Amino acid sequence: GTVVAWFLLAGDLSAAYTVVAVPALVFGAGAIGFFAVPYTMLTFPFVYLVFPRLWSVASHHGYITGSDFVAGRFGSPTLALAVAVTGILATMPYIALQLVGIEVVIAGLGFHAQGFAHDLPLIIAFAILAAYTYSSGLRAPALIALVKDMLIYLTVIVAIIVIPAHLGGYGAVFDAIPRDKLLLTPPSGGNLGSYSAYATLAVGSALALFLYPHSVTGVLASRSRDTIKRNMAALPAYSLVLGLIALLGYMAIAAGVKPITSGGKADPNTIVPLLFDKMFPDWFAGVAFAAIGIGALVLLLLVVSLQTDVFSKKFTLIVSPPSARSFFTGQAVQFQGFTIGRVSDIELRRQGQVRVSLQLLDRYRDMLHEGAAARLVKEGLIGESTVELTAGDVHKRPLDDGEGIGYQTEASVEQLL
C-alpha cells in the first residue's frame, strides 16, 4: 500500500549511506556534498512519469526485476544477463557503504578489533537479516524501514536543534567553516570549476537511483500504479531531510570532530557517529547509532529479498504440446493470475515430441493436483503469451516433481469461424 511502499522506497534514500557518507563528503569536500538534494528532486518526476507504465507491464507479465523485463521485452537472454550483472556490480559498492555504516557505528561505540574479530559483527548482522528476509520476503525490509525512518526523523530533528545550540547557533557553525567549503569553486581559466562536477553528480545519480535492482524491486512491489504516483508526489519531502543530514558535516567541522584514523589514514565516514557521541547524552547517542545501523539493514534486506525466490525450493512439471510455437525459455507460468514459475527448458525428443519443462516454486505445489493442465494464454491480438495452469481435481493428490500434465489446445480463429 501507499504508506508501507513510501517507507520502503524512502529506505533507499535514508540508508546508512545517506546518514554516514553524505555528511562525510561535506566534511571533507564541502558544498559539493549537497548534490544529494537536487538529485532526488530530479529523480522523482522521472519515476512518476515512467515507472507506473513499467509497473503495469511487469505486473501483467510477472516480471520482478529489471532483467526480467529486458528478457521479455527484447527476447534476448544475453542482454538480460548483461543487465543483471551490471545491477549486481553497481550494487556491490552500495552494499559496501551500508556495511561501512554498521562498522563505523560499532567503532563509535568503542569496539576496535583486527582481523576476523573486526568483521565478526558484520557477519552476524548479515546472517540474521538474510534468515529474516528468507522467511518473511519483502515484508521484512518494509516493516524495518518504518521503524528506521521514525528513528531517522527523531535523530535529525534533535540534531539540527541540539547540536547548533551547543555550538552557539547556526551563525557560529557557518563562521567556523572555511570559505572554500561553503561555496562551489567558481569557473575560471577555461574550466567550470566545481560546477560541472556538482551538476553531473546530481544528474547522473538521478538517472541511476531507480535503476539499482533494490530500487526497482521496491517500485514493482507497490500495490498499483496510483501507489507509485502518490509516493513519488510525497517522497520529495526526503530531499529536505537529506539537506539537513548533509549539514551534519558542517556541524562536525564546527565541533572540532577528528575522524578515526585507520592504517595511518583518517576515515571521514566516522565523523557522524563521533559527532553524535560527543554532542548527545549516552542514551540518545545509542538511539542515533541504532538509526544508522537499521538504515544499513533496510538496504541489505532489500538486496537479499531480490534473491529470495532464487534460493527457494522448486519443482518441475512437464507438458508436451503439439508444437513449441509461442513457447520460450523464461516465459512466465501463472496460476490464478499469479506468476508461480518460468519455462526452464524446451526440447524436441527423438520421436518428434515437444517437451516443455516448467520450473515452479515449491510452495505452490499443494495447489496443483492430479488432472491439472497447461494452456497458452495470449493477451489481446499482439500481446505476449503466458503459460496458465489449471488446478486439477482438488480431491486428488498434489503433483509430484517431474510429473507430466496435460495440454489444452485453444481453438484458433479459423476454427471458430
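Before you start clicking, one term will help: a residue is buried when its relative accessible area is under 20%, exposed when over 50%, and partly exposed in between (1.4 Å probe, protein chains only).

The model on your screen is predicted, so local features need pLDDT of at least 70 and side-chain atom pairs count only at pLDDT 80 or more, while totals for chains, interfaces and linings use all residues. Residues are numbered from 1 along each chain as its sequence is written, and side-chain values use heavy atoms, with hydrogens and water left out.

**Stop 1: the whole protein**

Show everything as a cartoon. You are looking at 16 helices and 9 strands; helices (H or I, at least four residues) and strands (E, at least two) are DSSP runs, numbered from the N terminus. Of the 417 residues, 44% count as buried. Switch to a surface: the accessible area is about 20600 Å², with 63% of it belonging to carbon and sulfur atoms (Shrake-Rupley method, 1.4 Å probe; for residues, only the protein chains shown count as cover).

**Stop 2: two helices side by side**

Now select residues 36-61, which are helix 3, and residues 237-254, which are helix 13. Their axes come within 8 Å and cross at roughly 170°. Axes here are lines fitted to C-alpha atoms, for helices over the stretch in contact, and angles run from 0 to 180 degrees between N-to-C directions. The two helices are therefore roughly antiparallel, the word for angles over 145 degrees (under 35 is roughly parallel, 65 to 115 roughly perpendicular, and the rest oblique).

Add side chains for Ala36, Val37, Thr40, Met41 and Phe44 in helix 3, which meet Ser239, Leu242 and Gly243 in helix 13. A contact means heavy atoms within 4.5 Å. The residues of this contact divide into 5 nonpolar, 3 polar and no charged. Ala, Val, Leu, Ile, Met, Phe, Trp, Tyr, Cys and Pro count as nonpolar, Asp, Glu, Lys and Arg as charged, and the others, Gly among them, as polar.

**Stop 3: salt bridges**

A salt bridge is a side-chain nitrogen of Lys or Arg within 4 Å of a carboxyl oxygen of Asp or Glu, and the count by this rule is 6. Select Arg365 and Asp362: their bridge is 2.8 Å, N to O, and both residues are buried.

Next, select Arg397 and Glu370, joined at 3.6 Å, N to O. Arg397 lies in the loop between strand 8 (385-389) and strand 9 (404-407), and Glu370 in the loop between strand 6 (354-361) and strand 7 (373-378), 27 residues apart. Arg397 is partly exposed at 38% relative accessibility, as is Glu370 at 32%.

Finally, add Glu403, which meets Arg397 at 2.9 Å, N to O, and is buried at 18%. Salt bridges that share partners join Glu370, Arg397, Asp400 and Glu403 into one network.
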